[in-house]
Amino acid sequence: GRLRVSALTMVGALGGIRDALTGGASCGSPFVVQALNAHIYNMATDDAVLAERLNASDLLLADGMSVVWASRLFHERIPERANLTELFRLYLEADDMPPATAVVVGCTTGDAEAVASAIEAHSKHCRVIGVLDGYRAMAAYRAELAGAAERPDILLVGMGTPRSEALIALARDVGAARV
């Protein structure tokens with residue numbers, strides 16, 4: 001199947017996140033932002049479950065110029081590359097974001113804690129309330145996320161493809177976060 005990449009600029013994607021955090025974009029369902037680069041696209045052509053999980057995104061961003069250039073071949077004109085790392089940096093630096101809490105998932109616990117410290121050092125509006133390493137079974141994540149005492153506004157996932165997409169689908173199913 002075909003992957004539906006959002007034709008948004010970085011500013012437009014940031015606006016979608018802002019809307020989701022203020023309640024304007026979602027009706028209780030998590031607002032999912034994921035990225036597609038050439039490698040992930042190639043993986044998804046052979047993995048229907050991965051393609052389905054990517055297409056379930058509210059925003060599937062072009063994280064690579066090859067995706068932008070390919071869009072021009074198909075007359076879809078994605079205006080620019082929207083790299084998630086850069087988008088997250090813009091989110092952290094934005095002056096007009098509402099206060100939000102986050103949970104970081106991925107890497108080792110120590111690395112995730114370092115990420116949490118860096119986020120809190122660079123943002124006035126994002127507070128990390130938890131970290132989870134990226135090496136657990138999906139059933140353990142389901143139990144942890146579904147049973148959390150405090151639901152974060154944002155779940156930040158960095159576990160590599162297709163594991164990240166599997167966790168994001170699970171998190172969406174249990175309503176683990178707003179974004």
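**Close-up views of a predicted model**

**View 1. Ala 13 in helix H1.** Ala 13 sits in helix H1. The model shown here and in every view below is predicted. Ala 13 is buried, and its relative accessible area is 0%. Its contacts beyond four places in sequence are Leu 8, Leu 59, Leu 61 and Leu 87. One of these partners, Leu 59, is 46 residues from Ala 13 in sequence. The C-alpha atoms of Ala 13 and Leu 59 are 7.5 Å apart in space.

**View 2. The largest nonpolar core.** This core has 27 residues. Those with the most contacts inside it are Leu 21, Val 33, Leu 61, Leu 87, Tyr 91, Ile 119 and Ile 154. At least two residues of the core come from each of helix H1 (10-22), strand S2 (59-62), H5, S3, H6, strand S4 (126-132) and S5. H1 supplies the largest share, six residues.

**View 3. Contacts of Leu 61.** Leu 61 is among the residues with the most contacts inside the largest nonpolar core. Residues up to four places away in sequence are not counted in this view. Leu 61 then touches Val 5, Ser 6 and Ala 13. Leu 61 also touches Val 33, Gln 34, Ala 35 and Leu 36. Further partners of Leu 61 are Ala 82, Leu 84 and Leu 87.

**View 4. An aromatic pair in helix H5.** The count of aromatic pairs comes to one. The ring centres of Phe 88 and Tyr 91 are 5.8 Å apart. Their planes meet at 25°, so the pair is stacked. Planes under 30 degrees apart count as stacked. Both residues lie in helix H5. They are three residues apart, about one turn of the helix. Is Tyr 91 buried or exposed? Tyr 91 counts as buried, at 2% relative accessibility. Phe 88 is partly exposed, with a relative accessible area of 24%. Tyr 91 also appears in View 2, among the core residues with the most contacts.

**View 5. The largest pocket.** The volume of the largest pocket is about 1000 Å³. Its lining has 40 residues. Leu 84, Leu 155, Leu 156, Val 157 and Gly 158 lie nearest the pocket centre. Three strands and three helices are named here for the lining: strand S1 (33-36), strand S3 (100-106), strand S5 (154-158), helix H5 (84-93), helix H6 (109-122) and helix H8 (163-174). Each supplies at least two residues. Which element gives the most to the lining? H5 does, with seven residues. By residue class, the lining divides into 27 nonpolar, nine polar and four charged.

**View 6. Gly 158 in strand S5.** Gly 158 belongs to strand S5. Gly 158 is one of the residues nearest the centre of the largest pocket. With a relative accessible area of 43%, Gly 158 is partly exposed. Outside its neighbours within four places in sequence, Gly 158 is in contact with Val 105, Gly 106, Cys 107 and Ser 164. Gly 158 and Ala 112 are 46 residues apart along the chain. Their C-alpha atoms are separated by 9.4 Å.

**View 7. Backbone details in two loops.** Most residues other than glycine have a negative phi, and most peptide bonds are trans. Cys 107 has a positive phi, near 60°. Cys 107 lies in the loop between S3 and H6. Cys 107 counts as partly exposed, at 34% relative accessibility. Cys 107 is also a contact of Gly 158, the residue in View 6. The second detail is a peptide bond. From Thr 161 to Pro 162 the bond is cis, with omega near 10°. Pro 162 is found in the loop between S5 and H8.

**View 8. The second largest pocket.** About 390 Å³ of space lies in this pocket. Its lining has 15 residues. Nearest its centre are Leu 3, Val 5, Tyr 41, Ala 70 and Phe 74. Val 5 is also a contact of Leu 61, the residue in View 3. Helix H2 (38-46) and helix H4 (65-73) each supply at least two lining residues. H4 gives the most, with four residues. The lining divides into 10 nonpolar, three polar and two charged residues.

Terms used: Residues are numbered from 1 along each chain as its sequence is written. This is a predicted model: local features need pLDDT of at least 70, side-chain atom pairs count only at pLDDT 80 or more; totals for chains, interfaces and linings use all residues. Side-chain values use heavy atoms; hydrogens and water are left out. On a 1 Å grid over the protein atoms alone, a cavity is a set of points where a 1.4 Å probe fits but cannot get out, and a pocket is an open set with protein on both sides within 12 Å along at least five of seven lines; lining residues have an atom within 4 Å of a point. Grid points are joined across faces, edges and corners, and a volume is the space filled by probe spheres set on the points. Ala, Val, Leu, Ile, Met, Phe, Trp, Tyr, Cys and Pro count as nonpolar, Asp, Glu, Lys and Arg as charged, and the others, Gly among them, as polar. Rings of Phe, Tyr and Trp (its six-membered ring) pair if their centres lie within 6.5 Å; planes under 30 degrees apart count as stacked, over 60 as edge-to-face and the rest as tilted. Buried means under 20% relative accessible area, exposed over 50%, partly exposed in between (1.4 Å probe, protein chains only). A nonpolar core is a set of buried Ala, Val, Leu, Ile, Met, Phe, Trp, Tyr and Cys residues joined through side-chain atoms within 4.5 Å. Contact means heavy atoms within 4.5 Å.
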